[in-house]
Amino acid sequence: MDIIKVENLTTKFDDRTIHNNISFEINEGEIFGILGGSGSGKTTIIRQIVMLQKIQKGKILFLNKDISNLSIEESQQLKNDFSYLFQFGALFSFLNVLENIEVMLKEYTNLPYDLIEKIALTNLKLVGLKEEHAFLYPSELSGGMKKRVALARAIAIEPKVLFLDEPTSGLDPSSAEQFNELILNLKKMLNLTIIVITHDLTTIKHTLDRFIILKDTKIAFEGNIQMALDKNDSFLEDFLTIKKDKNGHKS
Ligand SMILES: Nc1ncnc2c1ncn2[C@@H]1O[C@H](COP(=O)(O)OP(=O)(O)OP(=O)(O)O)[C@@H](O)[C@H]1O
């Protein structure tokens, strides 16, 4: 079942066309990538799906609702169904780890504080951190730990859909790999649909179930990594820096 359906989306800023009549669907339970060069309109699409940017032409259905025609109550309800981790999704420097995770719960629920604290601790552990990290401040954390806290904050409200913008940017290869592993585990454990903007080839090759590549206002490719490898297309080979061994096997 599709959880998000983008139909004939056209976006222009001044005279510049960013998306020209593009359509795609994101299925429930998949990790879906939105890829493309810098300025190809990846963040704009996500901002449109999460209702931060107006849809100029075309339609987006999110959980079967046309997001351009929602009542205030419907839009509030939909906002409870997703969460996002933006590229520079900073933590509040004056709050400790646990308090940072609790922010969304305090904002979006009426739960009593002892329950909020319990949920925050559970989510802290879900993202691979320990109770002893709970009272550290952001300045005392590594980049990978900060991303984990931001992720714990995003999943604490139990969203159905999670948006991640460049989740591994700024991480060293080993931390990025661990973060990718965490995304895969969370998808399985929490039954999430995850939409990822990424340039990270490891994420693209090992974490995404399916992806689109935006190029020159259109979708240049839609499918999974195997389909991309099978295509023998020079743009795809360059974009994904696909390597061939001496027997012509691609990786
Ligand atoms: N609100 C806006 N008003 C005017 N131009 C905008 C607006 N939002 C985005 N743009 C422009 O639209 C283009 C696409 O931006 P977008 O952020 O979606 O690209 P992107 O693919 O996410 O790029 P990157 O990988 O560099 O983050 C860019 O040229 C950007 O400057």
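In which sense do strand β7 and strand β8 pair, and over how many bridges? To find out in this predicted model, select residues 161-165, which form β7, together with residues 193-197, which form β8; the two strands run in the parallel sense and are joined over five bridges. Within this pair, pick out Asp165 and look across to β8, where Ile197 stands opposite.

**The sheet**

Now widen the selection to the sheet that holds these two strands, an open sheet of six strands in the order β6-β7-β8-β3-β9-β10, in which the pairing is mixed. The edges are taken by β6, at residues 82-85, and by β10, at residues 218-223, and because each of these has a single partner strand, one side of each is left without a neighbour in the sheet. If you look along the sheet, neighbouring strands are turned against each other by 15° on average, with direction ignored. Next, add residues 143-155, which make up helix α5; this helix lies across β6 and β7, and its direction is at about 165° to that of β6.

**The ligand shell**

Turn next to the ligand and select the residues around it, which are Phe13, Ile18, Gly36, Ser38, Gly39, Ser40, Gly41, Lys42, Thr43 and Thr44. Coloured by residue class, this shell divides into seven polar residues, two nonpolar and one charged. Helix α1, at residues 42-49, gives the most to the shell, with three residues.

**The two domains**

For the next step, colour the protein by domain, with 1-81 and 161-251 together as domain 1 and 97-158 as domain 2. Taken over C-alpha atoms, the centres of the two domains are separated by 26 Å. Where domain 1 and domain 2 meet, the contact takes eleven residues from domain 1 and nine residues from domain 2. On the side of domain 1 that touches domain 2, select helix α6, residues 173-190, since the largest share of that side, six residues, comes from this helix. The residues of that side of domain 1 divide into seven nonpolar and four polar, with no charged residue among them.

**The whole protein**

Finally, zoom out until the whole protein is in view, with its nine helices and ten strands. Along the principal axes, the C-alpha atoms fill a box of roughly 55 × 50 × 35 Å. The radius of gyration is 19 Å, which agrees with the value near 18 Å that a compact globule of 251 residues would have.

Definitions and conventions
Residues numbered from 1 in each chain as written. Predicted model: local features only at pLDDT ≥ 70, side-chain atom pairs only at ≥ 80, totals over all residues. Near = placed C-beta within 6 Å. Helix = DSSP H or I, 4+ residues; strand = E, 2+ residues; numbered from the N terminus. Nonpolar A, V, L, I, M, F, W, Y, C, P; charged D, E, K, R; others polar. Pairing = 2+ DSSP bridges. Axes fitted to C-alpha atoms, helices over the stretch in contact; angles between N-to-C directions. Contact = placed C-beta atoms within 7 Å. Domains from an automatic or database assignment. Rg over C-alpha atoms; globule rule 2.2 N^0.38 Å.
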